[in-house]
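Please open the model in your viewer and keep the sequence panel beside it. The tour below goes from one selection to the next and says what is to be found at each stop.

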Amino acid sequence: MHAIAFDQAGYHLGGWTPARPVIAMSKPGTAADGFADMIGAIAAHADRQAFAGLFEHFAPRVKSYMLRLGAEPQQAEELAQETLLTVWRKAGAFDRAKAAPSTWIFTIARNLRIDAARRARRGDPVEDPSDLPDAEPTPDEAMAAAQSQGRIREALGALPPEQAQVVRLSFFSDKPHSEIAEELKLPLGTVKSRLRLAMARLRDLLGDLA
Amino acid sequence: MTPPMQQPTRHPSEDLILDYARGALEAGRALVMSAHLGACPACHAAARFAEAIGGALIEELEPASLEPDALARALARLDTPPTPPAATQRPPDDWIRVPPEVLAAARRHKRWAAPGVWVAPVTRDRRTDARSYLLGIGRGIAVPRHTHRGSEFVCVLKGSFEDRGVVYGPGDFAESDESVEHRPHVTRGGECVCLAAADHPLVPRELIGRLFQPLVRI
């Protein structure tokens, strides 16, 4: 399991300010840039204050995600912990050119949950979740990842409500689409076509990201 | 840099890529998908796009309240300094890139199942019976005729096999279900290595397969 360090220091948990001018790398202003800077600070100098800043923002959201997917509160709490501990351990592998911080953290949480389901059933530990080494991003991708999150939220907001609903249900449920259709009392074909329309629309709106 | 490899020509459906991105695939199936995504820039980009939507959606979730000591506990659990990422194990040169646990399985659990055929279990979910495994098949060897309960995902890691007139090469993805009764065989090149995931053991359709199956247990 995780090595435990007992040098727990009291940190001021208020606004986080980077200890070094790592922000020089990025355009000022967006929250995503701030979080990317924090991950960078963890990678560069094991910055515990940066970790605390990330934890305060993301751990409650990851717990919320796990609860939505049907985890018990205690398991959701532990998976949120493990997600952020993985962020700490893998900070050096984060590349702001490839993904927004929330996307990276989402994939970590997703993988840990899939793995936890298997572990819980099987009873023995497994190796690291299965993330592959990534191909190098093209300059276009790098540009796109940096700007993506706000634009994706805008695009989601521009979807017809019934399409946005199936997108949200798809991500916040690990159920097959047939069960989502039952919950919505809709034919499976309708759910699938709404989802396809939604994804196609998002690709249109966010063409350079797709 | 890895040497350039021909890009896959057989891909998972758009629906499956979305299922992967939203975390709806069982662990073994997710592993097969990630092997294909690692070899296929187009599907990889599609998965990344869907993951970015997941990232945006997680941002808009109502934050859940944590236990009062949550941050203190997390801080107490931090390695100092963060563990540097383990040196990535290189797969054999003639394999496409695979997740580390697949390499570990090949190293630790490989066993000969029949002349010219080896298997190595990778993941197993005892409650649901879902499993994933590596399958190595020598040139000229055919997997005995069989079908599947539920569907099976396969990604070719090395070499190629032929199934019902289609040749699957490195990185190619195949999905077959119970409507498919087949006898994939290795016709060209050297050994073919595949990563496969299924919900149930395969169902042999001929005597040799019934003899073969207990050996393979896949």
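Begin by selecting chain B, a chain of 218 residues in this predicted model, of which 56% count as buried. Its secondary structure comes to 6 helices and 10 strands, and among its contacts with a separation of 6 or more, 68% are between residues 24 or more positions apart.

Before looking at details, colour chain B by confidence: the average pLDDT is 84, and 85% of the residues score at least 70. Among the elements of chain B, helix α4 (residues 70-76) has the highest mean pLDDT, 96, while helix α6 (residues 207-216) has the lowest, 52. For the complex as a whole, the predictor gives an ipTM of 0.86 and a pTM of 0.83.

Next, select residues 14-21 of chain B, which form helix α1; 6 of these 8 residues are buried, so the helix is largely enclosed by the rest of the structure. The buried ones are B:Leu16, B:Ile17, B:Leu18, B:Asp19, B:Tyr20 and B:Ala21. Continue past the helix to B:Gly23, which follows α1(B) and has a positive phi, near 80 degrees.

Now show the strands of chain B and look for the open sheet, in which 6 strands are arranged in the order β1-β2-β3-β9-β5-β8 with antiparallel pairing. Which strands stand at the edges? They are β1 (111-114) and β8 (173-176) of chain B, each of which has a single partner strand, so that one side of each is left without a neighbour in the sheet. From one strand to the next, the twist averages 30 degrees.

Stay at the β1 edge and add strand β2 (residues 117-124) of chain B, which pairs with β1(B) in the antiparallel sense over 3 bridges. To find one of the paired positions, select B:Arg111 and then its bridge partner in β2(B), B:Val119. With the sheet still displayed, add helix α5 (residues 100-108) of chain B, which lies across β2, β3 (131-137), β5 (152-158) and β9 (192-198) of chain B and runs at about 135 degrees to β2(B).

The cysteines are the next stop. How many disulfides are there over all chains? The count comes to 0. Select B:Cys40 and B:Cys43 together: the sulfur of B:Cys43 is the closest cysteine sulfur to that of B:Cys40, but at 3.6 Å it is too far for a bond, because a disulfide requires the two sulfur atoms to be within 2.5 Å. B:Cys155 is in no disulfide either, as its nearest cysteine sulfur, that of B:Cys194, is 8.0 Å away. Both B:Cys40, with a relative accessible area of 3%, and B:Cys155, at 0%, count as buried.

Then bring in chain A, which has 8 helices and 0 strands. Of its 210 residues, 48% count as buried, and residues 24 or more positions apart account for 63% of the contacts in chain A with a separation of 6 or more.

Finish with both chains displayed, and select the residues that meet: 65 residues of chain B are in contact with 78 residues of chain A. About 6800 Å² is buried between the two chains, and carbon and sulfur atoms give 60% of that area. For a last selection, pick B:Arg22, B:Phe49 and B:Arg77, which supply 13% of the area that chain B buries against chain A, more than any other three residues.

Key: Residues numbered from 1 in each chain as written. Chains lettered and ligands numbered in written order. Predicted model: local features only at pLDDT ≥ 70, side-chain atom pairs only at ≥ 80, totals over all residues. Heavy atoms only, no water. pLDDT = per-residue confidence, 0-100. Helix = DSSP H or I, 4+ residues; strand = E, 2+ residues; numbered from the N terminus. Buried < 20%, exposed > 50% of the residue type's maximum accessible area, 1.4 Å probe, protein only. Pairing = 2+ DSSP bridges. Axes fitted to C-alpha atoms, helices over the stretch in contact; angles between N-to-C directions. Contact = heavy atoms within 4.5 Å. Buried area = accessible area lost by both parts, 1.4 Å probe.
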